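Here is a walk through the model, region by region. Keep the viewer open and follow along.

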Amino acid sequence: MDNQRNLIIAVVLSAILLFGFDFVMRTYYPEPEEAPANMASREDAPVARVDGEITPDAPIVRDLDTELATTGRVAIDAPEIAGSINPVGARVDDITLKTHRQTVEEDSGPIRLFAPGGTDIQQFAQFGWVGEGVSVPDAQTPWQVVEGGQLTQETPVTLAWDNGQGQEFRLTFRVDEHYMFDVTQSVANTGDGSIALRPYAFVSRTSANASPSTFTVHSGPIAEGNGSVNFDWDYDEVAEEGPVNLSGSTQWLGFTDIYWMSALVADDASAAEGTFRSTGADTFRADLIYDAVTVPAGETVSRTTRLFAGAKESAVLDQYEDQGIERFGLAIDWGWFRFIAWPMWQVLIFLFGLVGNFGVAIICLTLIIRLLLFPIAQKQFHSMAQMRAVQPKMKALQERYKDDKQQLQQEMAKLYKEEKVNPLAGCLPIFVQIPIFFALYKVLLLAIEMRHEPFFGWLRDLSAPDPATILNLFGLLPFDPPGFLAIGVLAVLLGFTMWLQFKLNPAAMDPMQQQIFMLMPWILMFVMAPFAAGLLLYWISNNILTLAQQWYLYSRNPELKAQMAKEREAKEREHERKKAEEG
């Protein structure tokens with residue numbers, strides 16, 4: 001009895017580890033079903049300088065269309081982004097992502113990442129200088145376009161401002177084929193003496209439309225420095241504790257959502273300080289401040305800062321990392337199982353390149369994983385087969401020693417030893433599957449390449465839950481059931497295939513345990529229903545391959561096949577007996 005109890009405890013604990021944590025997180029920290037259409041932040045209104053610091057005025061809510069219609073804006077037209085630069089303040093405050101839609105619908109429009117300051121969805125980047133005894137540009141400074149009329153991959157744009165005191169400030173903007181800007185800040189000193197300035201850059205956004213930050217996925221401030229990526233701070237902590245000064249040097253910092261990121265990359269990490277701060281009303285800033293530079297009379301000093309504003313595509317981030325931005329690929333928070341998740345993602349991308357469909361690629365990945373785990377699975381099936389073979393002897397012992405539990409345990413242990421049966425050996429693959437399953441969950445949750453990727457038929461987005469649910473007649477009725485009751489086709493297939501698996505496994509001797517095993521597939525059907533369709537597709541494929549492997553094992557062992565037939569006959573006789581008694 002104790003061994004059987006241990007077996008059921010092991011299975012239940014595995015299920016809790018696998019599903020319980022994420023179920024709780026979804027209950028208390030729900031994620032939006034679709035990424036916000038506009039990812040820009042609501043930042044403070046124009047800034048003023050006090051003792052070298054940058055402080056906000058009261059927020060002003062302006063109309064987005066009105067702000068974008070102002071004259072003089074410098075258009076941005078790159079391969080993957082579009083938008084404009086506001087010459088007042090020289091802010092990069094208008095960015096949309098050409099290659100990413102708001103929803104799965106083709107005509108839903110591009111994702112907006114940046115919007116002008118003062119609008120209720122604002123997010124922007126600004127570049128400037130802090131200095132004493134010298135007039136420097138601020139958020140109200142009207143810059144002049146002195147080179148280029150439109151910012152493209154081939155044509156940079158330069159803005160200039162003369163303070164009338166012998167210093168000319170210039171900002172030269174370049175953009176690449178993806179999401180990276182190069183912004184060169186230069187100061188030409190034509191005055192009589194030297195001046196000292198501290199170049200800076202900041203990204204500002206609101207937390208109001210940020211994706212939720214949970215134990216499984218970080219959303220909020222992010223920074224690289226001192227050899228690691230810092231995910232330690234969220235928006236609430238920054239608001240509560242005041243300015244967060246990052247220790248040591250900072251190579252890059254900014255804000256991240258599940259799919260999008262805005263980040264500043266320092267020109268020289270050893271000469272840059274990073275700070276996160278709240279600017280009130282759910283608005284936050286990531287500041288990158290350089291050491292002071294001296295500009296002698298008659299000379300020009302420049303500093304180049306890069307601005308990433310776009311989608312966290314794994315291949316693109318890795319490309320920038322190869323170009324020298326250390327650990328930029330780790331902006332995707334793979335978590336503890338990165339050693340599994342990242343290789344799994346690379347294999348999935350490779351398979352997608354071969355078959356052209358991510359759903360088919362997931363099925364192929366499942367097959368590869370089953371092949372790699374084949375020896376372990378065979379050991380599990382062998383153990384289950386042994387348990388099935390010795391069940392008649394176990395039942396006889398239970399009848400003989402039903403009034404002597406201690407003696408029964410001794411006889412059961414003796415039987416296991418004689419038959420070389422380990423009742424817990426079948427649980428090993430369950431524990432092996434936990435990190436693999438969780439790693440795939442992270443891949444489907446974090447990889448933007450999976451967003452809006454279809455399978456076949458009604459499955460138009462493998463990163464979202466199955467939209468065809470029973471309660472709305474698989475999409476025929478125009479309403480969405482509550483998440484816990486949204487049982488879709490994939491969830492039903494998951495429950496059914498798992499139920500078939502349990503039917504092939506040795507039946508528990510205790511009636512209560514039998515009921516638990518029979519209910520577990522349908523409980524998991526409800527638990528797994530809100531998960532991404534791609535994850536359910538993986539599990540269903542895994543169940544089908546497991547069933548095929550089980551049938552193969554039993555077909556190779558005539559004795560087990562005969563034992564299964566005897567068990568079915570015994571169950572039928574018991575059913576007929578109970579039916580006769582009730583009649």
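## Helix H4 and what it packs on

The buried residues of helix H4 pack against four elements: strand S12 (180–189), strand S18 (260–265), strand S22 (300–311) and helix H5 (338–355). Bear in mind that this is a predicted model. H4 itself covers residues 314–322, and its buried positions include Ser314, Val316, Leu317 and Tyr320. Just past the end of H4 sits Gly324, with a positive phi of about 120°.

## The overall picture

Stepping back, the protein has 583 residues, and 52% of them count as buried. Its secondary structure comes to 13 helices and 22 strands. How do the contacts spread along the sequence? Taking residues at least 6 apart, 67% of the contacts join residues at least 24 apart.

As for the outside, the protein exposes about 26700 Å², with carbon and sulfur atoms supplying 57% of that area.

## Two nonpolar cores

Which residues touch the most other members of the largest nonpolar core? Out of its 120 residues, they are Phe127, Phe181, Trp252 and Phe328. Helix H9 (residues 428–446) gives this core its largest share, nine residues. There is also a second, separate core of ten residues, with Met394, Leu397, Leu408 and Leu415 among them.

Phe127 is a good one to click on. Leaving out residues up to four places away in sequence, Phe127 touches Val92, Leu171, Phe173, Val183, Gln185, Tyr200, Ala201, Leu264, Thr305 and Leu307.

## Strand S10 and its neighbours

Now for strand S10, residues 157–162. Five of its six residues are buried, so S10 is largely enclosed by the rest of the structure. S10 pairs with strand S8 (residues 144–147) in the antiparallel sense, over three bridges. In that pairing, Gln144 stands opposite Ala160 of S10.

S10 also pairs with strand S11 (residues 167–175), again in the antiparallel sense and over six bridges. Here Asp162 stands opposite Glu168 in S11. S10 and S11 make a hairpin with four residues between the strands, and in this hairpin Gly164 takes a positive phi near 75°.

## Salt bridges

Side chains of opposite charge can pair when their charged atoms come close. How many salt bridges does the model hold? The count is twelve.

Start with Lys98 and Asp77, whose closest N and O atoms are 2.6 Å apart. Lys98 belongs to strand S5 (residues 91–101) and Asp77 to strand S3 (residues 74–77), so this pair ties together parts 21 residues apart in sequence. Lys98 counts as partly exposed at 39% relative accessibility, and Asp77 is partly exposed too, at 36%. Arg198 and Glu273 form another salt bridge, with their closest N and O atoms 3.8 Å apart. Since Arg198 lies in strand S13 (residues 195–206) and Glu273 in strand S19 (residues 272–280), the pair ties together parts that are 75 residues apart in sequence. Arg198 is partly exposed, with a relative accessible area of 28%, and Glu273 is partly exposed at 41%.

Then look at Arg285 and Asp287. Their salt bridge has its closest N and O atoms 3.0 Å apart. Are these two residues buried or exposed? Both Arg285 and Asp287 are buried. Elsewhere on the list, Glu224, Glu326 and Arg327 are joined into one network by salt bridges that share partners.

## A nonpolar patch on the surface

To finish, look at the surface. Val347, Ile368 and Leu372 form a nonpolar patch there, with about 250 Å² of accessible area together. Ile368 is found in helix H6, residues 358–372. Why does Ile368 count as partly exposed? Its relative accessibility is 33%, and partly exposed is the band between buried, under 20%, and exposed, over 50%.

Conventions. Residues numbered from 1 in each chain as written. Predicted model: local features only at pLDDT ≥ 70, side-chain atom pairs only at ≥ 80, totals over all residues. Heavy atoms only, no water. Patch = residues over 30% accessible without salt bridge, like charges linked within 9 Å, V, L, I, M, F, W, Y side chains within 5 Å. Areas by Shrake-Rupley, 256 points an atom, 1.4 Å probe, with all protein chains shown as cover. Salt bridge = Lys/Arg side-chain N within 4 Å of Asp/Glu carboxyl O. Helix = DSSP H or I, 4+ residues; strand = E, 2+ residues; numbered from the N terminus. Buried < 20%, exposed > 50% of the residue type's maximum accessible area, 1.4 Å probe, protein only. Core = buried A, V, L, I, M, F, W, Y, C linked by side-chain atoms within 4.5 Å. Contact = heavy atoms within 4.5 Å. Pairing = 2+ DSSP bridges.
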